[in-house]
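Here is a friendly tour of the pockets in this protein, followed by a look at one of its strands. Have the model open as you read.

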Amino acid sequence: MTKEELFKTFHDIGLVPVVKIDDASKAEKLAKAMIDGGIPCAEVTFRTDAAEEAIKKMTKAYPEMIVGAGTVINAKLAEKAVNAGAKFIVSPGFNPETVEWCLAHNIPVVPGVATPSEIERGLSYGLTVLKFFPSEASGGVAMLKDLSGPFSQVKFMTTGGINVNNLPDYAKAQNVLAIGGSWMVKADLIANDQWDEITRLCKEAVIKLQGIQLVHVGINTPSEKDAFSVAEDFAKLGYETLPGNSSVFMGKDIEIMKSMYLGKNGHLAFKCYDVDRTVYFLKQRGFTVNESTVKYDAKGAMKVAYFNEEIGGFAFHLVK
Ligand code: 3PG
């Protein structure tokens, strides 16, 4: 996997659990619990002696899982982690030695930064994906928003003080590549073999990350005349009639199509924080994108995408 593919996968999965494991014999079970929860990646921190062995065990048992090392505070540790099978290296701060070792060995490295000066340092090494740490204590989403002005080319993996409640704020931030944290895989959950709870917390985070919400219902009718006749009924309920080219909107909630458009009965439109990411999420759940319907914004990110499958006789699409 190239560095670009790795970062694209981080973006799509969107969450990178930060693991502190004391007993490497639990590594496979932990990996399975995360994969079952929809998060096939992890940053295993060198905060315990078990990290190296845990990385080995996880990568051996689940080669498809993206396992990297965290809290890598020097080049020697980076080498140790990579020899154990780590696919990427994360550090809490910016250590030029670690960065240089990783670059020389073609290992994706995500050093920690919390200030503009440190970001500039990262850029001088050609790094445009950096870890924003400690996120909440350093200003959280407000700081990230300010950093997006001068550093529009930088994307952050952000960790430190994030949990299921403030997760949506980070999910909405344009310059966040992926969100990390320990809340899904707390050391005591691992120590007490609470695998089902880890899976539940991962699933909960994955859902929260999407921000899927219904924005309108589209109703098919055979003709313009039929569309306006249906509109009259909705108008009786107090909806404002807003005629368009191919449909009539009733306020924001209902779109009456002037033809038998996509879907047996019509379509459902859902908004989400990031269409590309939610397309990945829905593909994991068996849905397939109707490629001819995909629209992109100026930066190449998906804006609209319909799926080939229907739900209850309704086609559905995502919209940003
Ligand atoms: C890290 O190393 O990224 C942090 O320790 C994770 O922070 P959290 O424990 O507050 O999630």
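For the pocket linings, Ala, Val, Leu, Ile, Met, Phe, Trp, Tyr, Cys and Pro count as nonpolar, Asp, Glu, Lys and Arg as charged, and the others, Gly among them, as polar. This is a predicted model, in which local features need pLDDT of at least 70, side-chain atom pairs count only at pLDDT 80 or more, and totals for chains, interfaces and linings use all residues. Residues are numbered from 1 along each chain as its sequence is written, and side-chain values use heavy atoms, with hydrogens and water left out.

**The two pockets**

A pocket here is an open set of points on a 1 Å grid over the protein atoms alone, where a 1.4 Å probe fits, with protein on both sides within 12 Å along at least five of seven lines; lining residues have an atom within 4 Å of a point. Grid points are joined across faces, edges and corners, and a volume is the space filled by probe spheres set on the points.

| Pocket | Volume | Lining by class |
|---|---|---|
| Largest | about 1,000 Å³ | 16 nonpolar, 9 polar, 13 charged |
| Second largest | about 170 Å³ | 3 nonpolar, 4 polar, 2 charged |

Take the largest pocket, with its volume of about 1,000 Å³. Of its 38 lining residues, His-11, Lys-155, Gln-174, Asn-175 and Val-176 are the closest to its centre. Two or more lining residues come from each of α1 (3-13), α7 (140-148), α8 (167-172), β9 (176-181) and α12 (275-284). Helices (H or I, at least four residues) and strands (E, at least two) are DSSP runs, numbered from the N terminus. Helix α1 gives the most, with 5 residues. Domain 1 (3-210) and domain 2 (213-319) each supply at least three lining residues; these bounds come from an automatic or database domain assignment.

The second largest pocket is lined by His-216, Glu-255, Tyr-261, His-267, Thr-293, Lys-295, Val-304, Tyr-306 and His-317. Here β15 (289-296) and β16 (302-311) are the elements that give two or more residues.

**Strand β7 and its neighbours**

Which residues of β7 (residues 129-132) are buried on its two faces? Val-129 and Lys-131 are buried on one side, and Leu-130 and Phe-132 on the other, where buried means under 20% relative accessible area (1.4 Å probe, protein chains only).

Strands pair if DSSP finds at least two bridges between them. Strand β6 (residues 112-113) runs parallel to β7, joined by 2 bridges, and Gly-112 has Lys-131 as its bridge partner. Strand β8 (residues 155-158) is also parallel to β7, with 4 bridges; there Val-129 partners Lys-155.

Terms used: Buried means under 20% relative accessible area, exposed over 50%, partly exposed in between (1.4 Å probe, protein chains only).
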